[in-house]
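Please open the structure in the viewer and keep the selection tool at hand. The stops below are given in the order in which they may be selected.

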Amino acid sequence: MAFMEKPPAGKVLLDDTVPLTAAIEASQSLQSHTEYIIRVQRGISVENSWQIVRRYSDFDLLNNSLQISGLSLPLPPKKLIGNMDREFIAERQKGLQNYLNVITTNHILSNCELVKKFLDPNNYTANYTEIALQQVSMFFRSEPKWEVVEPLKDIGWRIRKKYFLMKIKNQPKEWLVLSWADLGPDKYLSDKDFQCLIKLLPSCSHPYIYRVTFATTNESSALLIRMFHEKGTLKDLIYKAKPKDPFLKKYCNPKKIQGLELQQIKTYGRQILEALKFLHDKGFPYGHLHASNVMLDGDTCRLLDLENSLLGLPSFYRSYFSQFRKINTLESVDVHCFGHLLYEMTYGRPPDSVPVDSFPPAPSMAVVAVLESTLSCEACKNGMPTVSRLLQTPLFSDVLLTTSEKPQFKIPTKLKEALRIAKECIEKRLIEEQKQIHQHRRLTRAQSHHGSEEERKKRKILARKKSKRSAIENSEEHSAKYNNSNNSGVSALPPPPPPPPPAAPLPPASTEASAPLSPRAVNGVSRGALLSSIQNFQKGTLRKAETCDHSAPKIG
């Protein structure tokens, strides 16, 4: 049923979960106000950044809109007199930067439409509630039995997914919820397979998966209808919230933080794991587990929003698990997200940061053991356990489930293959993103180390040593040049004689007395010639001499 138009050519499918960061680069004073020039960046790439200009009044308007969250946000106070002073403007700029840091690091606020429109107006100009209403109205033209009661404004966290309270005209007491969602960046199914799989969802029957009443789609978006439950979701139970209230109001600042009872944790956890195992065994990608996607039907938990992975929507916890390269399959994503959900059930609030270094006291050490296996630094570094492994832990292995409903979800072989390929594409994009984040983190760490105080001191010491060494060498060179210039006016002395050649081996000892050798040349004859003459001396060549011996004594 083609009830919606195709998306315009060249439509950009943004990943709305990629964090935005904002830094005030400068301020400029005009006649009666000050403008702040802000550099906004999506993700880790400096190239993916832009400038926006905002006044204090813009910040004030945003802050008023965010008051629904119940959070006390650090917006600097207004000042009517002296607000153009240079010192005041510099101080206010620091305060506004701190405000930006707070709203961009809060997981819920940073993903809300108000903040996205403030920081990235070019990509968030559309009114998705109006678009959804138009599409739903077109659908009802061909399906007159349904009737829209009212929009459920902002009950979810997604910008491009809207909800409406509905009823069937001939059954006015039955309330239903219609959800409409646009395509996401991870939609890899062909249009034909996409439509077939969406329309297959109402046939999925499982005691711990929430039943889809009706589903239809075309190339641009999907529309699904489910029964409405007054109790709401598991998150509504934990936060004691009203299901119809806006997401920011329900979950940003709960009045009372209290976890569930141990038996509830065990039972609900076991039910959710059974549903995940069923989907994993079927080869159906999920990847969207969080407390708002678990409907509480009496004492039974049932998974919601199986269509999200088919639509290619990013996960609520994507900005967390994209930091860890070992969480790189949708199965491991589900287990990691289960850790977040278990933490919320146990402590009544989400973890302050992930990985979690230490866990507060819990109702049972078995709870902490599962939390450590899914949220600790070691787990995020080394990888997640399987769902089957979690089902075997002491926390869940002794839970008895009583249900008579037989699980059933028949997926044709051709569509199973399409799901497998789409799942691989989703995981491939995740792995590539994790690789880029890892490389960026290493580079940032190296730059931070290079710019640290200790490293600067080391470089200063090395530079000083090098400078001293260079000064000494220059001094010696200058001294040598100075001495040469002084000696240039004095009569040159003869150069020293060259070193003598190695001495020849001495002749064997002789009984004949040898003439003493002179170390210098004798009568112009070199020492080498004298040595040669001595060595070649032969006694037989001497002539016999006649002598007159007058030494005998005379006797008178």
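Begin by selecting aspartate 305, which counts as buried because its relative accessible area is 7%. The model is a predicted one. Aspartate 305 sits in the loop that runs from strand E10 (300-303) to H10. Its phi angle is positive, about 60°, although the residue is not a glycine.

**The pair at the start of H10**

Move next to glutamate 307 and show its side chain together with that of lysine 161. The two side chains meet in a salt bridge, with an N to O distance of 3.3 Å. Since glutamate 307 belongs to helix H10 (residues 307-311) and lysine 161 to strand E5 (residues 161-168), the pair ties together parts that lie 146 residues apart in sequence. Are the two partners buried or exposed? Glutamate 307 has a relative accessible area of 0% and is therefore buried. Lysine 161 is likewise buried, at 3%.

**A second long-range pair, and its network**

Select aspartate 15 and arginine 318. Their side chains also form a salt bridge, at 3.2 Å from N to O. Aspartate 15 is in the segment before strand E1 (20-29), while arginine 318 is in helix H11 (residues 318-321); the pair links distant parts of the chain, 303 residues apart. Both aspartate 15 and arginine 318 are buried.

Which residues should be added to the selection to display the network of salt bridges? The linked residues are Asp15, Asp186, Arg318, Arg429 and Glu433. In general, side chains of opposite charge can pair when their charged atoms come close. The structure as a whole holds 28 salt bridges.

**A pair within one helix**

For a salt bridge inside a single helix, go to H17 (residues 413-450) and select lysine 423 and glutamate 427, which are four residues apart and therefore separated by about one helical turn. The closest N and O atoms of lysine 423 and glutamate 427 are 2.6 Å apart. Lysine 423 has a relative accessibility of 16% and so counts as buried. Glutamate 427 is buried too, with a relative accessible area of 11%.

**The packing of H9 against H12**

Now hide the side chains and display helix H9 (residues 262-282) with helix H12 (residues 330-347). Their axes come within 11 Å and cross at roughly 165°. An angle over 145 degrees counts as roughly antiparallel, and H9 and H12 are therefore roughly antiparallel to each other. The crossing of H9 past H12 is right-handed.

To see the contact itself, restore the side chains of the following residues:

- from H9: Ile265, Tyr268, Gly269, Ile272, Leu273, Leu276 and His280;
- from H12: Glu331, Asp334, Phe338, Leu341, Leu342, Met345 and Thr346.

Colouring this selection by class shows nine nonpolar, three polar and two charged residues in the contact of H9 with H12.

**Loops and backbone geometry**

Proceed from H12 into the loop that leads to helix H13 (365-375), where proline 355 is found. What is the geometry of the peptide bond from valine 354 to proline 355? That bond is cis, with omega near 5°.

Next, select lysine 240, in the loop between helix H7 (234-239) and helix H8 (247-251). Its phi is near 50°, a positive value in a residue other than glycine. Lysine 240 counts as exposed because its relative accessibility is 52%.

The last residue to select is serine 220, placed in the loop between strand E7 (214-217) and strand E8 (221-227). At a relative accessibility of 6%, serine 220 counts as buried. Add aspartate 182 and display the distance between the two C-alpha atoms: serine 220 and aspartate 182 are 38 residues apart along the chain, and these atoms are separated by 6.3 Å.

**The whole chain**

Finally, clear the selection and return to the full view. The protein chain has 19 helices and ten strands. Of its 556 residues, 44% count as buried. Among contacts in the protein chain with a separation of 6 or more, 66% are between residues 24 or more positions apart.

Methods:
Residues are numbered from 1 along each chain as its sequence is written. This is a predicted model: local features need pLDDT of at least 70, side-chain atom pairs count only at pLDDT 80 or more; totals for chains, interfaces and linings use all residues. Side-chain values use heavy atoms; hydrogens and water are left out. Axes are lines fitted to C-alpha atoms, for helices over the stretch in contact, and angles run from 0 to 180 degrees between N-to-C directions. Helices (H or I, at least four residues) and strands (E, at least two) are DSSP runs, numbered from the N terminus. Angles under 35 degrees count as roughly parallel, over 145 as roughly antiparallel, 65 to 115 as roughly perpendicular and the rest as oblique. A crossing is left-handed if the near helix is turned anticlockwise from the far one by less than a right angle, and right-handed if clockwise. Contact means heavy atoms within 4.5 Å. Ala, Val, Leu, Ile, Met, Phe, Trp, Tyr, Cys and Pro count as nonpolar, Asp, Glu, Lys and Arg as charged, and the others, Gly among them, as polar. A salt bridge is a side-chain nitrogen of Lys or Arg within 4 Å of a carboxyl oxygen of Asp or Glu. Buried means under 20% relative accessible area, exposed over 50%, partly exposed in between (1.4 Å probe, protein chains only).
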